[in-house]
Amino acid sequence: VDKRSTDSLSVMAEKHENPMRNIRIEKLNLNICVGESGDRLTRAARVLEQLTEQQPCFSKARYTMRSFGIRRNEKIATHVTVRGEKAEEILEKGLKVKEFELLKRNFSNTGNFGFGISEHIDLGIKYDPTSGIYGMDFYIQLARPGGRVSRRKHKRGRVGFSHRVTREEAQKWFQTKYDGILMDK
């Protein structure tokens with residue numbers, strides 16, 4: 001009887017140390033929505049390029065809204081996707097602006113989270129009077145290794161429920177990795 005209980009404890013310890021269970025940042029999406037095309041949008045794209053050293057993409061309006069003064073298919077926002085070490089660096093800067101405090105409702109059921117900052121110069125980018133000041137949205141997708149099986153072409157599979165990242169796991173990851181504070185507000 002004692003042997004079984006020690007075996008089950010060792011199995012639980014192994015499950016806890018399984019490298020496939022480690023949560024990591026899959027990608028970080030940065031978005032600046034200007035609400036109009038033209039010079040302001042290109043300056044916002046320059047800000048994103050300065051921050052990430054990548055070429056940003058432009059997003060188009062889905063439909064015309066006269067109250068906002070935008071037309072369908074008009075470019076109104078710019079965004080960029082960052083992965084790997086660079087994503088962690090930029091996320092660290094963004095969380096520093098928020099003082100490592102996030103609301104519980106910032107986390108989705110699928111283990112992703114997002115927040116916004118009101119001024120990009122808080123990230124450590126030097127203020128340029130010609131470009132102005134822009135706010136931006138951060139959206140972080142968390143995943144465990146092995147998620148590719150659900151997206152590949154050949155022998156596609158499913159990620160089991162126990163391997164998906166839940167809201168609670170994402171919140172715990174945020175609290176342990178960044179010593180973050182979760183607020184109820």
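Leaving aside its neighbours within four places in sequence, which residues is Ser-131 in contact with? The answer is Arg-43, Arg-46 and Val-47. To place these residues, start with the whole chain. Keep in mind that this is a predicted model.

The protein chain has four helices and seven strands. Follow them from the N terminus and the order is α-β-α-β-β-α-β-β-β-α-β. The radius of gyration is 20 Å, while the globule rule gives 16 Å for 185 residues, so the chain is more spread out than a compact globule. Its C-alpha atoms fill a box of roughly 75 × 40 × 30 Å along the principal axes.

Next, look at what is covered and what is not. Of the 185 residues, 35% count as buried. The accessible surface comes to about 12,400 Å². Carbon and sulfur atoms account for 49% of that surface. The chain carries 36 positive and 24 negative charges. The mean positions of these two sets lie 10 Å apart. Contacts also link distant parts of the sequence. Take the contacts with a separation of 6 or more: 63% of them join residues 24 or more positions apart.

Now turn to helix H2. This helix covers residues 39-52, which makes 14 residues. From first C-alpha to last, H2 reaches 20 Å, close to the 20 Å expected at 1.5 Å a residue. Which residues of H2 are buried? They are Leu-41, Arg-43, Ala-44, Ala-45, Val-47, Leu-48, Leu-51 and Thr-52. A general rule helps in reading such a list. An α-helix has 3.6 residues a turn, so residues three or four places apart point the same way.

What do the buried residues of H2 pack against? Four strands are on the list: S1 (24-33), S2 (57-60), S3 (75-82) and S6 (136-143). Helix H3 (84-97) is there too. Right after H2 comes Glu-53, with a positive phi near 60 degrees.

Ser-131 can now be put in its place. This residue sits in the loop between strand S5 (113-117) and S6. Is Ser-131 buried or exposed? Its relative accessible area is 8%, so Ser-131 is buried. Among its contacts are Arg-43 and Val-47, and both of these are also buried residues of H2.

Ile-70 is another loop residue to find, this time between S2 and S3. Ile-70 counts as buried because its relative accessibility is 9%, and the cut-off for buried is under 20%. Leaving aside neighbours within four places in sequence, Ile-70 is in contact with Gly-35, Ala-61, Tyr-63, Thr-64, Met-65 and Ile-76. Lys-60 is ten residues from Ile-70 in sequence. In space the two are 9.9 Å apart, C-alpha to C-alpha.

The loop between S2 and S3 also holds Asn-73. Here the backbone angle deserves a look. Most residues other than glycine have a negative phi. Phi of Asn-73 is positive, near 65 degrees. With 46% relative accessibility, Asn-73 counts as partly exposed.

Lys-155 also has a positive phi, near 55 degrees. Where is Lys-155? Look in the loop between S6 and helix H4 (167-178). Lys-155 counts as exposed, at 63% relative accessibility.

Definitions and conventions. Residues are numbered from 1 along each chain as its sequence is written. This is a predicted model: local features need pLDDT of at least 70, side-chain atom pairs count only at pLDDT 80 or more; totals for chains, interfaces and linings use all residues. Side-chain values use heavy atoms; hydrogens and water are left out. Helices (H or I, at least four residues) and strands (E, at least two) are DSSP runs, numbered from the N terminus. The radius of gyration is taken over C-alpha atoms; the globule rule is 2.2 Å times the number of residues to the power 0.38. Buried means under 20% relative accessible area, exposed over 50%, partly exposed in between (1.4 Å probe, protein chains only). Contact means heavy atoms within 4.5 Å. Accessible areas come from the Shrake-Rupley method with a 1.4 Å probe; for residues, only the protein chains shown count as cover. Lys and Arg count as positive and Asp and Glu as negative; His and the chain ends are not counted. The place of a charge is taken as NZ of Lys, CZ of Arg, CG of Asp or CD of Glu. The expected span of a helix is 1.5 Å times one less than its number of residues.
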